[in-house]
Amino acid sequence: MNKKWKIGITILIGLTVISGGLLLFVFAKVGAFFDETYEPIDVPKAKEEKSETAPEDKIHILLMGVDERPHDKGRPDVMMVVEIDPVSDKTKVVSLPRDTKVSIPGRDESTKLNHTYTYGGTTLTVQTVQQLLDINIDYYAKVNMNGFEEVIKEVGELTFENDLDFTFDGYHFPEGELTLSPDEALAYVRMRKQDPMGDEGRNERQRKVIKASVDKLLEQNDYGKILELLDTVSPYLQWNIQEKDLKELYTDYSHAMKQMESSELPGEGKLEDDGLWYFIADNPEQVFSE
């Protein structure tokens, strides 16, 4: 999910401080990683762009965590849009509830946001998010949730602040600072029904674990560990980011990632006439208009 794209940024940071023969090895390893994970899509832009993309332009990235199993295409369980703005030097992460009611591009019908993946895969999901938020999605990253679990296991113990006291899967999570093993961290992000905020609360806990994981990798400066994670992540990751794209993102946008704010798409849940429960977004086209 979000974590996988940040791992790419972390890898690139590592490349800037490694030299000599090891640098050649790292480039070869990273090149193979992009060959294995690159999956382009053909999606028309929702908004007219400038004739040339300038470094000061905002970019938007759709991040999806999909619960895929053998013989089951699955649906996105987690969706976030990341806006990186090099002018304001800020990065904005907005979680999209999977039950958000959306219109399907090219069809005279509505459905839940995560259903669009079943109908038309990544391409239709990107088109739907573009239409919902009135933005262009420049990049996407899709991660099988099994990959998220494998990465958490590789990273090891994580420490972060917890705002909700609960027990789940035999583990107790009191309020305050927690230091969790990988199994505990995975249980921490799986819980949903006990959270008074529902999906929004689970998304917030997922963001805490993702941030703690990235912070730990950056603090350790363990580039050997990061390279090991490449082999772990690649079977579970698809994105339309190439090595050259990531280098450009690092050069022009990495400074804007130092100040990050997270939020949920505004709106509320509602039982509609078709008997289904939807999240009804409140002016979604204005979320990234500021």
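**Exercise 1.** Find the acidic partner of arginine 190 and describe where the pair sits.

*Solution.* Start with the contact: arginine 190 makes a salt bridge with glutamate 149, and their closest N and O atoms lie 3.2 Å apart. The term salt bridge here stands for a side-chain nitrogen of Lys or Arg within 4 Å of a carboxyl oxygen of Asp or Glu. Next, place the two residues: arginine 190 belongs to helix α5 (residues 182-190) and glutamate 149 to helix α4 (residues 145-155), so that distant parts of the chain, 41 residues apart, are linked. Helices (H or I, at least four residues) and strands (E, at least two) are DSSP runs, numbered from the N terminus. Last, check the cover: arginine 190 is partly exposed at 38% relative accessible area, and glutamate 149 is partly exposed at 23%. Buried means under 20% relative accessible area, exposed over 50%, and partly exposed in between (1.4 Å probe, protein chains only).

Before you go on, note that this is a predicted model, where local features need pLDDT of at least 70 and side-chain atom pairs pLDDT 80 or more, while totals for chains, interfaces and linings use all residues. Residues are numbered from 1 along each chain as its sequence is written, and side-chain values use heavy atoms, leaving out hydrogens and water.

**Exercise 2.** Work out how glutamate 150 and lysine 153 are spaced in helix α4.

*Solution.* First, the two form a salt bridge, with the closest N and O atoms 4.0 Å apart. Then count along the helix: they are 3 residues apart in α4, which means a separation of about one helical turn. Finally, glutamate 150 is partly exposed at 29%, and lysine 153 is partly exposed at 43%.

**Exercise 3.** Decide whether arginine 205 and aspartate 195 are buried or exposed.

*Solution.* Begin with the contact: their side chains meet in a salt bridge of 3.1 Å, N to O. Arginine 205 is in helix α6 (residues 199-220) and aspartate 195 in the loop between α5 and α6, so the pair ties together parts 10 residues apart in sequence. Now read the accessibility: arginine 205 has 3% and counts as buried, and aspartate 195, at 8%, is buried as well. Elsewhere, salt bridges with shared partners join Asp77, Arg98 and Arg202 into one network.

**Exercise 4.** State how many salt bridges the rule gives.

*Solution.* The count comes to 11 salt bridges. As background, side chains of opposite charge can pair when their charged atoms come close.
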